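Biologist: Could you walk me through this model and show how each label is earned? I'd like to hear the cut-offs as we go.

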Amino acid sequence: MPPLPAQLPIKPFTAPVGGEVVLPGSKSLTNRALLLAALCDEPVTLTGALFSDDTRLMAEALRRLGLGIETDEAAGAVRVGSRKNAFKDTARTQPVEVFVGLAGTAARFLTALCAAAPAGVYRIDGVPQMRRRPMRGLIEALRALGADIRCTGEEGFFPVEIRARGLRGSAVAIDARESSQMLSALLMVAPLAASRIDITLDGGVRWPFVEMTARLMGQFGQPSIERPAEDRLRVACGHRYQLPAAARGAYAVEPDATAASYFLALPLVTGGALTLPGLRSHEDGGLQGDTRFASVLARAGATLTATARGLAAAFDRGSPRRAVTENFNEFSDTFLTLAALAPLLDGATRITGIAHTRKQETDRVAGMARELTRLGQHVIETEDALEIHPRPLVSGQTVETYEDHRFAMSFAILGCHDLHGDGRPWLTIDNPACCAKTFPHFFDVLESLRP
């Protein structure tokens, strides 16, 4: 595959799209499953796993911690094997240096894993931007459970040094309002504690990813997490992580529901129909809450159908595209997809519940407002919302991606709109290679769908 150029003009579709899109595995599930597989006594092979910057960083970090990790990218498989060298007492030699780049899942999950380890000294850091991403809630909760975590820069942020000695069980509070990954990290290591952990939420949390974590833990042999009150969770200790015997040591990772948002939206831009094999809605037993984005597209005018093959999206050219008002608090990774499509919708689109995305890869609210404004749209930005009033699109613009994969993919779908009616590119994506974070072959897949 040739490398992507620094700037990539998007060729519009001149005919309706059709066919199928085989999605990569879910990043969220791949990194969670890697962590849980590392905690199993027996080898585990993940099939359908995602290979991207974030998951490679997670796998390499586990290698650094002494796990045997074998990968077969062509087959989409990762084997988590030998644990004989994991979590040794490194204090007498050299601390283990762990690098997480800009991967929020790896950062939070590995911090919790190292804090729960029986021994060893671990130093975890990432790129400068990672040092600004929220960690305080998780760090403080782990400390309350006996972890020795030292912030070697600014308190509450990376880099950290962890002197592992295991976790004690007790009641603990956690503030996971800025990222549900912090609560998910705590839940996954809680069964390793010396006794039961009772968790109280200090403020709200985005539940779909927490529910995904809890259901995944159940698939890896943990009893159901109790929820005695709306703001309380209870996690038992002493149960081994293991796959059921019928699984034969293999776990299949679901297709990525967030990546699906781009291709579910594409027919709304170009007309036509696409099927995404293997993708199941949350209601049909899928683990990922981001499939809720399909209902948003349905309100905008697309037809969404659950088939035996997977989820399908269709749109007839000439049909109305309706503006949507939606609170994206619980599936916020997909808000950029709707925002990028808003110039094509009839009326003002209002997106709320997104204040926390200002502290993700970039300030996604401000960035989206800025790029849509450059494309000629009237955008009203508040701390927690965007209101987008369609105006004629301005041709010849280059969209800044802020090293954020979701900007690149969302605006690429808008660029498939045949603005001039003759297939001429009118929108360019800056730094399209940033998609490597979660979907390295996104632009190849998009290109393959051209009639």
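Biologist: Why is Cys 435 not counted as bonded to the closest cysteine sulfur?

Modeller: A disulfide is a pair of cysteine sulfur atoms within 2.5 Å. The sulfur of Cys 435 has its closest cysteine sulfur in Cys 434, at 4.9 Å, so the pair is too far apart for a bond. By this rule the count comes to zero disulfides. Before we go on, this is a predicted model: local features need pLDDT of at least 70, side-chain atom pairs count only at pLDDT 80 or more, and totals for chains, interfaces and linings use all residues. Residues are numbered from 1 along each chain as its sequence is written, and side-chain values use heavy atoms, with hydrogens and water left out.

Biologist: What makes Cys 434 buried or exposed?

Modeller: Buried means under 20% relative accessible area, exposed over 50%, and partly exposed in between (1.4 Å probe, protein chains only). Cys 434 has 10% relative accessibility, so Cys 434 counts as buried. Cys 435 is buried too, because its relative accessible area is 1%.

Biologist: And how do you know which class Pro 95 belongs to?

Modeller: Pro 95 is at 22% relative accessibility, and therefore counts as partly exposed. You will find Pro 95 in the loop between β4 (77-80) and β5 (96-99); strands here are DSSP runs (E, at least two residues), and helices are runs of H or I with at least four residues, numbered from the N terminus.

Biologist: What makes β5 and β7 edge strands?

Modeller: Two strands pair if DSSP finds at least two bridges between them. Four strands form an open sheet in the order β5-β6-β8-β7, with mixed pairing. β5 and β7 (148-151) each pair on one side only. Four bridges join β7 to the antiparallel strand β8 (residues 160-163), and Asp 148 stands opposite Arg 163 in β8.

Biologist: Which strands does helix α4 touch when it packs on this sheet?

Modeller: Contact means heavy atoms within 4.5 Å. Helix α4 (residues 136-144) touches β7 and β8, and its direction makes about 145° with that of β7. Axes are lines fitted to C-alpha atoms, for helices over the stretch in contact, and angles run from 0 to 180 degrees between N-to-C directions.

Biologist: How much area do domain 1 and domain 2 bury between them?

Modeller: Buried area is the accessible area (1.4 Å probe) that two parts lose on being put together, summed over both. For domain 1 and domain 2 that is about 2100 Å², 51% of it on carbon and sulfur atoms.
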